[in-house]
Amino acid sequence: MYAANLKHAIEHKTSVVGVIGLGYVGLPLAIEMCKQGFQVVGIDVDPTKVEKIHTGHSYIKDVSDETLMECMNTGRLFATSDYSHIQLLNAVSICVPTPLSENQDPDTSYITQVVEQLKRYMKKGLMITLESTTYPGTTEELIQREIEAIGYRAGEDFFLCFSPERVDPSNEKYNTFNTPKVIGGATPACLELGAALYGHIVESVVPVSSTKVAEMSKLLENTFRSVNIAFINEMAMMCDRMCIDIWEVIDAAATKPFGFMPFYPGPGIGGHCIPLDPMYLSWKAKGFRFYSKFIDIAQATNANMPYHVMEKTSRILNEGSKSLRNSKILILGMAYKPNIDDLRESPGLEIYELFKASGAQVDYYDPHAIHFKNKTGKTVCTIDYNLPTFKTYDCMVLITNHQSFDYEELADLNIPILDTRNAFKGIKRPNIYKLGYTAQPSSNEEWEEAVLV
């Protein structure tokens with residue numbers, strides 16, 4: 001009965017759908033649900049977000065104010081901090097954070113908090129879909145068991161799925177609608193209803209046999225990236241030692257039309273996925289007495305890159321007979337990727353702290369990420385774009401290759417610049433230094449000395 005009623009409501013778009021957690025994943029999902037004709041209730045514990053939604057002011061770059069206001073004007077989108085609105089829902093998607101603890105263990109407390117509210121307010125026939133990235137078994141262990149313990153049965157009087165988010169901030173090609181959506185159900189009936197709902201929201205749905213398979217697929221995607229980024233970071237450090245340009249090497253290898261996929265080095269890894277997701281998988285695997293050497297090596301290699309950036313900056317300063325201590329350093333870009341304001345796990349934050357701990361005077365410029373809190377809780381703000389001021393620094397370190405930067409103009413300042421993203425590609429100046437490349441010394445003696453360093 002419940003399955004048939006929900007299927008009918010989904011097909012005729014009379015169901016009320018909810019999104020819990022209106023961040024980088026949840027708000028775009030709620031917007032897409034509204035666009036496709038569903039009545040949407042967004043729930044977030046942050047009242048500031050709720051207020052901004054109701055006034056048409058988006059805090060997510062991939063959702064414009066105009067798009068948000070259009071959805072609000074339909075009357076189909078409503079935001080609240082009141083969990084009692086769960087009582088109105090026919091289906092709900094959970095999009096809450098899943099960070100790591102200080103000990104690098106999964107922190108699923110946000111999911112647990114939501115489940116407690118579901119147990120309090122849900123009614124029979126509700127479909128629940130977890131989208132938060134987590135370890136295989138979470139949907140079953142933290143949601144299914146908890147709700148079945150109060151008398152419900154998955155696949156009969158409530159329906160449960162896992163569908164991993166695939167959000168890539170500022171991606172101009174792929175968004176919530178046109179990115180294929182993997183989904184797994186706790187039972188065949190759950191999967192059928194989950195696929196039916198998301199089939200009305202996104203362009204393509206990819207059903208899999210279980211929630212564990214869906215959970216594992218997300219971790220595989222991002223662990224694959226983590227391992228390959230770690231490998232190319234190690235190759236960059238090797239090429240730096242050998243005076244070979246890693247960026248030219250990658251471009252050459254990428255001309256092979258099969259069997260090679262280019263990955264690029266950088267100052268570290270950032271964002272809500274790659275620094276965290278592999279540790280979820282590693283943690284869960286240990287419960288099965290399985291220890292993933294690849295994940296641990298990749299995490300260690302990527303975590304070392306901010307230190308490598310600091311060491312290379314120190315060598316650059318040494319060429320001018322300066323030490324890192326008391327030098328003035330300007331970090332260019334603080335967001336974890338270009339053209340966004342997202343600072344989550346950005347390597348720039350750690351590099352900033354490493355420079356400060358070494359006694360350097362450090363500022364940063366980022367037109368998108370205009371402030372952050374340092375490790376002491378103090379707010380640090382970007383400086384203004386001012387070329388005469390920039391010229392007073394002993395070294396600039398490019399962390400984020402924003403499109404708005406005028407790289408020719410910055411190079412013309414003629415002060416040392418460490419480019420960690422190959423953003424100055426094609427600009428050959430003696431003051432431009434690359435991560436992954438050290439120019440070969442002019443004599444054989446200098447070459448041998450450099451190799452031995």
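Helices here are DSSP runs of H or I with at least four residues, strands are runs of E with at least two, and both are numbered from the N terminus. The model in front of you is predicted, so read each exercise with that in mind.

**Exercise 1. Locate Cys243 and decide whether this residue is buried or exposed.**

Solution.
- Step 1: Start with the position. Cys243 sits in the loop between α8 and α9 (246–253).
- Step 2: Check the accessibility. Cys243 counts as buried because its relative accessibility is 10%, and the cut-off for buried is under 20%.
- Step 3: Look at the backbone. The phi of Cys243 is near 60°, a positive value in a residue other than glycine.

**Exercise 2. Compare Cys243 with Asn326: where does Asn326 lie, and what is its phi near?**

Solution.
- Step 1: Asn326 also belongs to a loop, this one between α11 (293–319) and β9 (328–332).
- Step 2: Its phi is near 75°, again positive in a residue other than glycine.
- Step 3: The surroundings set the two apart. Asn326 is exposed, with a relative accessible area of 55%, whereas Cys243 is buried at 10%.

**Exercise 3. Find the surroundings of Glu215: which side chain makes a polar contact with Glu215?**

Solution.
- Step 1: Place the residue. Glu215 is part of helix α8, which spans residues 211–242.
- Step 2: Look for a charged partner. Glu215 is buried and has no salt bridge; Lys212, the nearest side chain of opposite charge, is 7.1 Å away. A salt bridge would need the nitrogen and oxygen within 4 Å.
- Step 3: Look for a polar partner instead. The side chain of Thr139 makes a polar contact of 2.6 Å with that of Glu215.
- Step 4: Widen the view. Beyond four places in sequence, the contacts of Glu215 include Thr134, Tyr135, Pro136, Gly137 and Thr138, as well as Phe162.

**Exercise 4. Follow α8 to the surface: which residues form a nonpolar patch with Met238?**

Solution.
- Step 1: Met238 is in helix α8, the helix that also holds Glu215.
- Step 2: Met238 is partly exposed, as its relative accessible area is 39%.
- Step 3: Its patch partners are Met242, Ile244 and Val249, and together the four have about 310 Å² of accessible area.

**Exercise 5. Describe the setting of Thr400: which backbone atoms does its side chain approach?**

Solution.
- Step 1: Thr400 is in the loop between β13 (395–398) and α14 (407–411), and this residue counts as buried, with 1% relative accessibility.
- Step 2: The Thr400 side chain reaches the backbone oxygen of Gly333 at 3.5 Å. A polar atom of that side chain also lies 3.5 Å from the backbone nitrogen of Met334.
- Step 3: Among the other contacts of Thr400 are Leu332, Ala335, Lys337, Pro338 and Phe405.
- Step 4: Turn to Phe405. This residue is in the loop between β13 and α14 and is buried, at 5% relative accessible area.
- Step 5: Match the contact lists. Phe405 touches Leu332, Gly333 and Thr400, and also Tyr365, Pro367, Leu398 and Leu410. Leu332 and Gly333 appear among the contacts of Thr400 too.

**Exercise 6. Work out how α12 is covered: which elements lie over its buried residues?**

Solution.
- Step 1: List the buried residues. In α12 (residues 347–357) they are Pro347, Gly348, Ile351, Tyr352, Glu353, Leu354 and Phe355.
- Step 2: Find the cover. It includes α11, β9, β10 (361–365), β11 (371–373), β12 (379–381) and β13.
- Step 3: Check the helix exit. Gly359, just after α12, has a positive phi of about 95°.

**Exercise 7. Survey the salt bridges: how many does the structure hold?**

Solution.
- Step 1: The structure has 20 salt bridges.
- Step 2: Take Glu131 and Lys181, whose closest N and O atoms are 3.3 Å apart. This pair links distant parts of the chain, 50 residues apart: Glu131 is in the loop between β5 (126–130) and α6 (138–148), Lys181 in strand β7 (residues 181–185). Both residues are buried.
- Step 3: Contrast Asp251 and Lys425, a salt bridge with the closest N and O atoms 2.9 Å apart. Here the partners are 174 residues apart, with Asp251 in helix α9 and Lys425 in the loop between β14 (417–419) and β15 (432–434). Asp251 is partly exposed at 33% relative accessibility, and Lys425 is exposed at 53%.
- Step 4: Finish with a network: Glu116, Lys119 and Glu146 are joined by salt bridges that share partners.

Key:
Residues numbered from 1 in each chain as written. Predicted model: local features only at pLDDT ≥ 70, side-chain atom pairs only at ≥ 80, totals over all residues. Heavy atoms only, no water. Buried < 20%, exposed > 50% of the residue type's maximum accessible area, 1.4 Å probe, protein only. Lys, Arg positive; Asp, Glu negative; His and termini not counted. Polar contact = N/O pair within 3.5 Å; in protein donor to acceptor, adjacent residues only side chain to side chain. Contact = heavy atoms within 4.5 Å. Patch = residues over 30% accessible without salt bridge, like charges linked within 9 Å, V, L, I, M, F, W, Y side chains within 5 Å. Areas by Shrake-Rupley, 256 points an atom, 1.4 Å probe, with all protein chains shown as cover.
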